[in-house]
Amino acid sequence: SSLKVPRDLFYTNDHTWVLVEGIEGMIGITDFGQAELAEIVYIDLPDVGAEVVQGSPFGTIEAMKTVAELISPVSGEVIEINDTLESDPRQTNIDPYGEGWMIRVSIHDMDEVENLLTPHDYMVYVSGEESE
């Protein structure tokens, strides 16, 4: 498939990703996730200073036909949000791993990263989803 799955990220079954940089993580939705939603019209993100919990929602993403929860890959404190998504949520469709990133967090427990999917595991998971 033509889906992009960058090698330097970790993934969840809920189609979110995290880029780990030291003790910080940048979080967004995967290419597969945005493609499933189609045209994204609104994204609701937490405030800076909010706590996010691994496996729990940190916000919602609205598309033309559906609203989905955004599930956090790691636990931590939100240190930055991507303000441009407020006025231009389509960045998430256009560039889900770049300009379409959502939040940056200070990760509380680096061991949580071991619970996440590797790029290979995520590709296998998604190819199963695609063939259903």
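Here is a short walk through the strands, a surface patch and a pocket of this structure. The model is a predicted one, and residues are numbered from 1 along the chain.

Let us begin with the open sheet. It has six strands in the order 1-2-3-9-8-5, and their pairing is antiparallel. If you look at the ends of that order, you will find strand 1 (10-11) and strand 5 (51-52) at the edges; each has a single partner strand, so one side of each is left without a neighbour in the sheet. Further in, strand 3 (residues 24-29) pairs with strand 9 (residues 103-107) in the antiparallel sense, over four bridges. To see one point of contact between them, find G25: its bridge partner in strand 9 is V105.

Now turn to strands 4, 6 and 7. Strand 4 covers residues 40-44, and four bridges join it to strand 6 (residues 57-63), with the two running antiparallel. Here you can pick out I40, which stands opposite A63 in strand 6. Strand 6 also pairs with strand 7 (residues 67-71), again in the antiparallel sense, this time over five bridges. Between strand 6 and strand 7 the chain makes a hairpin through three residues. A handy marker for this pairing is G59, whose bridge partner in strand 7 is L70.

Strand 4 also leads us to the surface. Y42 has its place in this strand, and together with V41 and M64 it makes a nonpolar surface patch of about 290 Å². How accessible is Y42? Its relative accessibility is 37%, and it therefore counts as partly exposed, since that class lies between the 20% limit for buried and the 50% limit for exposed.

Our last stop is the largest pocket, with a volume of about 170 Å³. Its lining is made of 14 residues, and those nearest its centre are H15, G33, E36, L37 and A68. Which elements give two or more residues to this lining? They are helix 1 (31-37) and strand 7. Helix 1 gives the most, with four residues. Strand 7 thus appears twice on our walk: it pairs with strand 6 over five bridges, and it is one of the elements giving two or more residues to the lining of the largest pocket.

Terms used
Predicted model: local features only at pLDDT ≥ 70, side-chain atom pairs only at ≥ 80, totals over all residues. Heavy atoms only, no water. Patch = residues over 30% accessible without salt bridge, like charges linked within 9 Å, V, L, I, M, F, W, Y side chains within 5 Å. Areas by Shrake-Rupley, 256 points an atom, 1.4 Å probe, with all protein chains shown as cover. Salt bridge = Lys/Arg side-chain N within 4 Å of Asp/Glu carboxyl O. Buried < 20%, exposed > 50% of the residue type's maximum accessible area, 1.4 Å probe, protein only. Pairing = 2+ DSSP bridges. 1 Å grid on protein atoms, 1.4 Å probe; cavity = no way out; pocket = protein on both sides within 12 Å on 5 of 7 lines; lining within 4 Å. Points joined across faces, edges and corners; volume = space filled by probe spheres on them.
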